[in-house]
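Here are some short exercises to help you find your way around a new structure. Take each task in turn, try it with the model in view, and then follow the worked solution.

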Amino acid sequence: MSKSIGILGGTFNPIHFGHLRMAQELAEDLALNEVRFIPASNPPHKNTPSVSAQHRAAMVQLAIESNPLFKLDTRELHRSGASYTLDTLQSLREDLGHEASITLFMGSDAFTKFDTWHRWQEIIQLCHIALVPRPQTNVEGHKLSKNLETFLHNHYAEHRDELHDAPAGLITMRQITVLAISSTAIRHALQQKNTIRYLMPDSVIDYIKLHQLY
Ligand code: ATP
Ligand code: MG
């Protein structure tokens, strides 16, 4: 059987236990061989992050280095311009081949805006998508547009094992331990001089202090 790989793209500004626990549970639930964490250099839907891509990637590396399943993938940092997921997936396919099963992890907040992503309908030809719940961060909640509801319906996988038998094209919704942690709340806590203990690995907290980030 060919490889099954999970990918988690994000700003990781900074990485926290919400990202790590989601990646761990999906890796086990979907029996993946590897999970790649892919920091964005210039996220298209966000302002330029306050902390450099190098620092954000270094924090990811510290957070995952004790876990043999987890790998840092810095391909977006070597590309100029906006970090489009479609380009990243095309480049991953060149490395991993057409047989590998690739699953893109996404929180429900990210999925509600998925139909605004660059050439979003082509993304599903290159990977599966695993959706996980994310606690509501605003009053509108995570309501899906008609476009996305149809998209979800058309690609919905009845059983998680189907993701192993195809390289791409399916969407699955998985239950995980829901952690209401966000990088935004962590940055606010740091600005208020509140503690960020127990929200992310101590190695990341030490790095933030050492480099006086946020
Ligand atoms: P920010 O508040 O700066 O947007 P964030 O905490 O949302 O940061 P991102 O780097 O934007 O983190 O998230 C990358 C991916 O991880 C997205 O798909 C997002 O939905 C998902 N994610 C982030 N935090 C969690 C969490 N606590 N539980 C589940 N998924 C999460
Ligand atoms: Mg976010």
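**Exercise 1: a histidine and its neighbours**

Not counting neighbours within four places in sequence, histidine 19 is in contact with Leu8, Phe12, Pro14 and Ser183, where contact means heavy atoms within 4.5 Å. This is a predicted model, in which local features need pLDDT of at least 70 and side-chain atom pairs count only at pLDDT 80 or more, while totals for chains, interfaces and linings use all residues. Residues are numbered from 1 along each chain as its sequence is written, chains are lettered from A and ligands numbered from 1 in the order in which they are written, and side-chain values use heavy atoms, with hydrogens and water left out.

Task: find the element that holds histidine 19, and decide whether histidine 19 is buried or exposed.

Solution:
- Step one: histidine 19 is found in helix 1. Helices (H or I, at least four residues) and strands (E, at least two) are DSSP runs, numbered from the N terminus.
- Step two: histidine 19 counts as buried because its relative accessibility is 15%. Buried means under 20% relative accessible area, exposed over 50%, and partly exposed in between (1.4 Å probe, protein chains only).

**Exercise 2: the loop before helix 1**

Task: look at Phe12 and Pro14, and work out what their backbones do.

Solution:
- Step one: both phenylalanine 12 and proline 14 sit in the loop between strand 1 and helix 1.
- Step two: phenylalanine 12 is not a glycine, yet has a positive phi of about 50°.
- Step three: the peptide bond from asparagine 13 to proline 14 is cis, with omega near 0°.
- Step four: phenylalanine 12 is buried, because its relative accessible area is 2%.

**Exercise 3: around ligand 1**

Task: describe the surroundings of ligand 1, starting with the elements that each supply at least two residues of its shell.

Solution:
- Step one: those elements are strand 1 (4–10), helix 1 (17–29), strand 4 (101–107), helix 4 and helix 8 (183–191).
- Step two: of the 21 residues around ligand 1, Asp109, Arg134, Leu179, Ser183 and Thr184 come nearest; a residue counts as near if one of its heavy atoms lies within 4 Å.
- Step three: a backbone N or O atom of phenylalanine 12 is 3.2 Å from an oxygen atom of ligand 1, and a backbone N or O atom of isoleucine 181 is 3.0 Å from a nitrogen atom of ligand 1.
- Step four: on its own, ligand 1 has 600 Å² of accessible area, and the protein covers 90% of it. Accessible areas come from the Shrake-Rupley method with a 1.4 Å probe; for residues, only the protein chains shown count as cover.

**Exercise 4: the two sides of helix 6**

Task: which residues of helix 6 are buried, and what covers them?

Solution:
- Step one: in helix 6 (residues 146–155), the buried residues are Leu148, Phe151 and Leu152.
- Step two: these residues lie on the same side of helix 6 because they cover an arc of only 100° around the axis. The arc is that of the directions from the helix axis to the C-beta atoms.
- Step three: the face turned away from the buried side carries the exposed residues Lys146, His153 and Asn154.
- Step four: the cover of the buried residues includes helix 4 (108–111), helix 5 (120–123), strand 5 (128–132) and strand 6 (171–173).

Notes
Polar contact = N/O pair within 3.5 Å; in protein donor to acceptor, adjacent residues only side chain to side chain.
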